[in-house]
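Biologist: Please take a close look at the strands of one chain in this model, starting from a hairpin and working outwards. I would like the criteria behind each term spelled out as you go.

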Amino acid sequence: MTAVGSVRPDHPRAGQPGSTGSPAAPGVPAVQLRGARMALGERVLWDGLDLRVDPGEFVAVLGPNGSGKTTLLKVLLGQRELSGGTVRIDGRAPGGRGSRIGYIPQQRAMDVEVPLRARDLVGLGLDGHRLGIRAGRSRRAQVDAALAEVGATEYANMPVGRLSGGEQQRLRVAQALVGEPSVLLCDEPLLSLDLANQRVVSELIDRRRTEAATAVLFVTHEINPVLPLVDRVLYLVNGQFRVGTAEEVMTSEVLSELYRTQVDVLRVRDRLVVVGAEAPGGDDVHPGHGS
Amino acid sequence: MIEILARLFDFSGTGALLHLPFVRTALLAAAVLGLIAGLLAPLIVTRGMAFAVHGTAELSFTGGAAALLAGVSVGLGAVVGALIASVVFGLLGLRHRERDSVIGVVLAFGLGLGVLMLALYQGRTANKFGLLTGSIVSVDSTNLWLLSGCAAVVIGALLVYYRPLLFASADPEVAAARGVPVRMLSIVFAVLIGLSTALAVPAVGAILVLAVMVTPGAAAARVSSNPVVVTVLAVLFAEVALVGGVVLSLAPGVPISGYVTTLIFLCYVGCRLVARFRRPPARLAPA
């Protein structure tokens, strides 16, 4: 049974400002939101949001357009202030220098004129935020290792603008992982990829969190490609939200309550089909299903 | 017709002219300008700011025309006009569509004002065209020091900010997520463009600025994607065009514009041809 808000008890000691931010430190959550509120003028996107994500945990953030999924990521990146409540990443305020956050955006076409090879894009993830000009053997080795990890060695010296969407998203994973993040924030990273590449990219992300205990917050329209990987779901709808395991949240009862209309969740083999859950007046079927 | 062509390609006096002090100053000015333009051009192309550079150059012309009318230093007017324009365009950020229409609107207005002010100006008409076509032989040692100072500022800024600038230019969303101050860098870059444009306008003219600040980067990006190689090539192309243009224009005694634009255009066409014949056929993505 799910309740509004967190299904996990918060640990009041953990995540206090001043505690050291190493991901290995026991008890320090990778991400912690307490009583978080986000309002745009009159409109409240979410309020009273408590969320604790532990190292190595995979949390999918779901919800219709405009429910504040991307805004939540911006808060975690330190690009937006909460209207109320607190947020901590590795026990520290987000957005500070040296924060170990990896970010994977959705795939977008890169211009052919952009003077970057695959390895340059990954290299920027390593030290693109630093001042000065430095290049060294260890840097090259780190970039090579990150490229190899996602199977991109073959096109390491290709212009980014000439790669396919799937190849580009593998590079995005390498770019985010090369900085050894303790938290990985993903904003629709599978959008516009075919099924095979969706699987490759989500498996790369999953491998990282099991091997290096990186916490993953995964914003998506579509839960099916990551359903086997998801530990918990944060489902945001029109100011309401639920946190819980996929079994707890992805039910006809919970979603009908969130959307305040009849929503049916059907399990077809290992996939979930959500019917009736698009924004008011929207489509019948959740977008992206069966793609 | 033949006579005109013969004049344009008459280089018999070039050797003797190269020894004149003012020619040497002009060549030095061209070389320094080529260095600045070549360094900035790849980033301008990456940021999709070609039109913003054009707008900056034209508004630098407006500033110069206003200064001419007001009776103050034309060079100062050009710098002020270019800096205001570039910072405003830089603040418009990386949303190309919105930025382009705003630049178009402001550019047309500024150009109209500039033409009006030139029409109201009572002095020598040679000064009027100087801003549009430039006159590199008019560069004196003071200007040369100004140019070199600007080059030092550009090189210094690039040494410190190159990596975050490249990150913010090529991949703004992820750069912002990694804590790169994208907006602040937009302004830093805009100031660099404004300074360079303002100094380039009196020397090569508002019309030519686009040719030397954008085309070298666009040409280099056709043949390489390695950011270092692209920058080196862009500097090389800009130097060939500017220094070559000055040398070729000496004996015929005409403005350098035609020579510089032709040389840089040939570089661009050459690069496109090289890219076309060298590029392997498009691969299929591995499943």
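In β11(A), which residue is the bridge partner of Val268(A)?

Modeller: The bridge partner of Val268(A) in β11(A) is Arg271(A). This is a predicted model, in which local features need pLDDT of at least 70 and side-chain atom pairs count only at pLDDT 80 or more, whereas totals for chains, interfaces and linings use all residues. Residues are numbered from 1 along each chain as its sequence is written, while chains are lettered from A and ligands numbered from 1 in the order in which they are written.

Strands β10 (residues 264–268) and β11 (residues 271–275) of chain A pair in the antiparallel sense over 5 bridges, where pairing requires that DSSP find at least two bridges between the strands. The elements themselves are DSSP runs numbered from the N terminus, helices being H or I of at least four residues and strands E of at least two. The hairpin that β10(A) and β11(A) form has 2 residues between the strands, and Arg269(A) takes a positive phi near 50 degrees there. None of this strand is enclosed: of the 5 residues of β10(A), the number buried is 0, so β10(A) lies largely in the open. Here a residue is buried if 20 or more other C-beta atoms, placed from the backbone, lie within 10 Å of its own, exposed if 12 or fewer do, and partly exposed in between.

Chain A also holds an open sheet of 3 strands, with antiparallel pairing and the order β2-β1-β4. In general, strands of a sheet pair through backbone hydrogen bonds, either parallel or antiparallel. The edge strands of this sheet are β2 (43–53) and β4 (84–89) of chain A, each of which pairs on one side only. From one strand to the next the twist averages 25 degrees, with axes taken as lines fitted to C-alpha atoms (for helices, over the stretch in contact) and angles running from 0 to 180 degrees between N-to-C directions. Within the sheet, β1 (residues 31–40) of chain A and β2(A) pair in the antiparallel sense over 7 bridges, and Met38(A) stands opposite Trp46(A) of β2(A).

For a contrast in burial, one can turn to chain B, where helix α12 (residues 215–223) is mostly covered, with 8 of its 9 residues buried. Among the buried residues of α12(B) are Thr215(B), Pro216(B) and Arg222(B).
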